[in-house]
Amino acid sequence: ANDKRIGSSVSDSIQNLAKNRTSSDIPTLKEFLKSPYLLKDLAKKYKLSPEGLGGRIRINTLGGKRWDTRATGILKVNLISRNPKKDEPLLKSLSELYLQTSIKQRQKRLSEGLNFLNKQSPELIKVMVMVMVMVMVMVMVMVMEENI
């Protein structure tokens, strides 16, 4: 029974990976998107502190339930500004940063998934061979029983 659950879980994970459907923890994602780690180069470009820039960013989820902590794919990002016209390039740069970060994360997940599959393939081949041998034995037994 445990093997079935593990196989099902692995199968579901592989299917989600193949369809590029993964979920993220929204509170953690929000903190990451506002973090000095992610914002430091952008803040430097616009002569801002990473902490100050992060403090001006508001992120809300769209759709789903308020208590739902799994990302459904849509986040609304606002940049607080006293001069929206002046900060428009900053907002566009922030949008580009988030897009590039998303693409890199998706590529990383896909790469990790492929590495996982590559590591699993020898084990999967062994299991397939064992199943084939068991089927052949069963067929031989059935044929022998018919001849008796």
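Accessible areas here come from the Shrake-Rupley method with a 1.4 Å probe. For this predicted model, the accessible surface of the protein comes to about 11900 Å², and carbon and sulfur atoms account for 60% of that area. Of the 148 residues in the protein, 14% are buried.

A good way into the fold is its order of elements. The protein contains 5 helices and 2 strands, and from the N terminus these follow one another as α-α-α-α-β-β-α. When contacts between residues at least 6 apart in sequence are considered, 57% of them join residues at least 24 apart.

Helix 5 deserves a closer look. This helix covers residues 84-147, 64 residues in total, and spans 88 Å from its first C-alpha to its last. That reach is close to the 94 Å expected at 1.5 Å a residue. Along the way, helix 5 has a kink of about 40 degrees at S121, a position shortly before the proline P122. The buried residues of helix 5 are D87, L90, S93, L94, Y98, T101 and G113.

Turning to aromatic side chains, a search of the whole structure finds 1 aromatic pair. The partners are F32 and Y37, whose ring centres lie 6.4 Å apart. Their planes meet at 40 degrees, so the pair is classed as tilted, because that label applies to angles that are neither under 30 degrees nor over 60. As for surroundings, F32 is partly exposed, with 28% relative accessibility, whereas Y37 is exposed, with a relative accessible area of 60%.

Methods. Residues numbered from 1 in each chain as written. Predicted model: local features only at pLDDT ≥ 70, side-chain atom pairs only at ≥ 80, totals over all residues. Heavy atoms only, no water. Helix = DSSP H or I, 4+ residues; strand = E, 2+ residues; numbered from the N terminus. Expected span 1.5 Å × (residues − 1). Bend = angle between axes of the 7 residues up to and from the residue. Buried < 20%, exposed > 50% of the residue type's maximum accessible area, 1.4 Å probe, protein only. Contact = heavy atoms within 4.5 Å. Phe/Tyr/Trp six-rings, centres within 6.5 Å; stacked < 30°, edge-to-face > 60°.
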